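Please look over the protein shown here before reading the notes. They are meant for a reader who is new to structures.

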Amino acid sequence: MDTYFPDGTYTDFDLNDHDLSSYSLDNAFKLHGDIKLIYDDHEIRIHRKNMDYIVLYNGRYASGKSIAIEPMTGAPDVYHNKIGLINLKKDEIFECGYEIELLK
């Protein structure tokens with residue numbers, strides 16, 4: 001089984017109900033709203049514009065000490081699975097981006 005490419009399966013998963021440090025993640029999620037990460041006395045917020053997908057990685061190379069958050073406009077392998085694919089017409093504009101804010 002190839003562990004580096006999405007297999008097309010979906011699972012409902014509430015990130016608020018889980019301690020992510022107990023999971024080995026290399027997964028994509030579709031989220032709405034801001035992302036807030038809280039760890040001990042640190043807190044950051046990620047505000048995304050037109051980037052409903054994120055990949056969270058805290059797996060093999062993170063050694064349990066870090067988490068990578070990758071905001072994305074579409075799901076991984078979007079050109080094949082079309083999940084979140086945005087097709088622009090001539091002269092059409094699409095804007096996206098994100099801000100990271102340190103709250104504490």
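The notes below go from the overall layout to the core, the surface and the salt bridges.

The model is predicted. The protein has 1 helix and 6 strands, arranged along the sequence as β-β-β-β-β-α-β.

**Overall layout**
- Of the 104 residues in the protein, 20% are buried.
- Among contacts with a separation of 6 or more, 48% are between residues 24 or more positions apart.
- The accessible surface is about 8500 Å², and carbon and sulfur atoms account for 50% of that surface.

**Nonpolar core and surface patch**
- In soluble globular proteins, nonpolar side chains tend to be buried together.
- The largest nonpolar core here has 7 residues: Leu-25, Phe-29, Leu-31, Ile-35, Ile-46, Ile-54 and Leu-56.
- Beyond its neighbours within four places in sequence, Ile-46 is in contact with six residues that include Ile-35, Ile-69 and Tyr-98.
- On the surface, Ile-86, Leu-88 and Phe-94 form a nonpolar patch with about 240 Å² of accessible area together.
- Ile-86 belongs to the loop between α1 (78–81) and β6 (97–102), and Ile-86 counts as partly exposed because its relative accessibility is 36%.

**Glu-43 and its partners**
- Glu-43 sits in strand β3, which covers residues 42–49.
- Glu-43 counts as buried because its relative accessibility is 11%, and the cut-off for buried is under 20%.
- A polar contact of 3.4 Å joins the side chains of Glu-43 and Lys-36.
- Glu-43 also forms a salt bridge with Lys-104, with 3.7 Å between the closest N and O atoms.
- Glu-43 is in strand β3 and Lys-104 is in the segment after β6, so this pair ties together parts that are 61 residues apart in sequence.
- Lys-104, in contrast to its buried partner, is exposed, with a relative accessible area of 53%.

**Other salt bridges**
- Side chains of opposite charge can pair when their charged atoms come close.
- The structure holds 5 salt bridges.
- One of them joins the side chains of Arg-45 and Glu-101, at 2.8 Å from N to O.
- This pair links strand β3, which holds Arg-45, with strand β6, which holds Glu-101, across 56 residues.
- Arg-45 is partly exposed at 27% relative accessible area, and Glu-101 is partly exposed at 38%.
- Another salt bridge joins the side chains of Lys-49 and Glu-95, at 3.2 Å from N to O.
- Lys-49 lies in strand β3 and Glu-95 in the loop between α1 and β6, 46 residues apart.
- Lys-49 is partly exposed at 42% relative accessibility, and Glu-95 is partly exposed at 48%.
- Asp-34, Arg-45 and Glu-101 are joined into one network by salt bridges that share partners.

How values were computed. Residues numbered from 1 in each chain as written. Predicted model: local features only at pLDDT ≥ 70, side-chain atom pairs only at ≥ 80, totals over all residues. Heavy atoms only, no water. Helix = DSSP H or I, 4+ residues; strand = E, 2+ residues; numbered from the N terminus. Buried < 20%, exposed > 50% of the residue type's maximum accessible area, 1.4 Å probe, protein only. Contact = heavy atoms within 4.5 Å. Areas by Shrake-Rupley, 256 points an atom, 1.4 Å probe, with all protein chains shown as cover. Polar contact = N/O pair within 3.5 Å; in protein donor to acceptor, adjacent residues only side chain to side chain. Core = buried A, V, L, I, M, F, W, Y, C linked by side-chain atoms within 4.5 Å. Patch = residues over 30% accessible without salt bridge, like charges linked within 9 Å, V, L, I, M, F, W, Y side chains within 5 Å. Salt bridge = Lys/Arg side-chain N within 4 Å of Asp/Glu carboxyl O.
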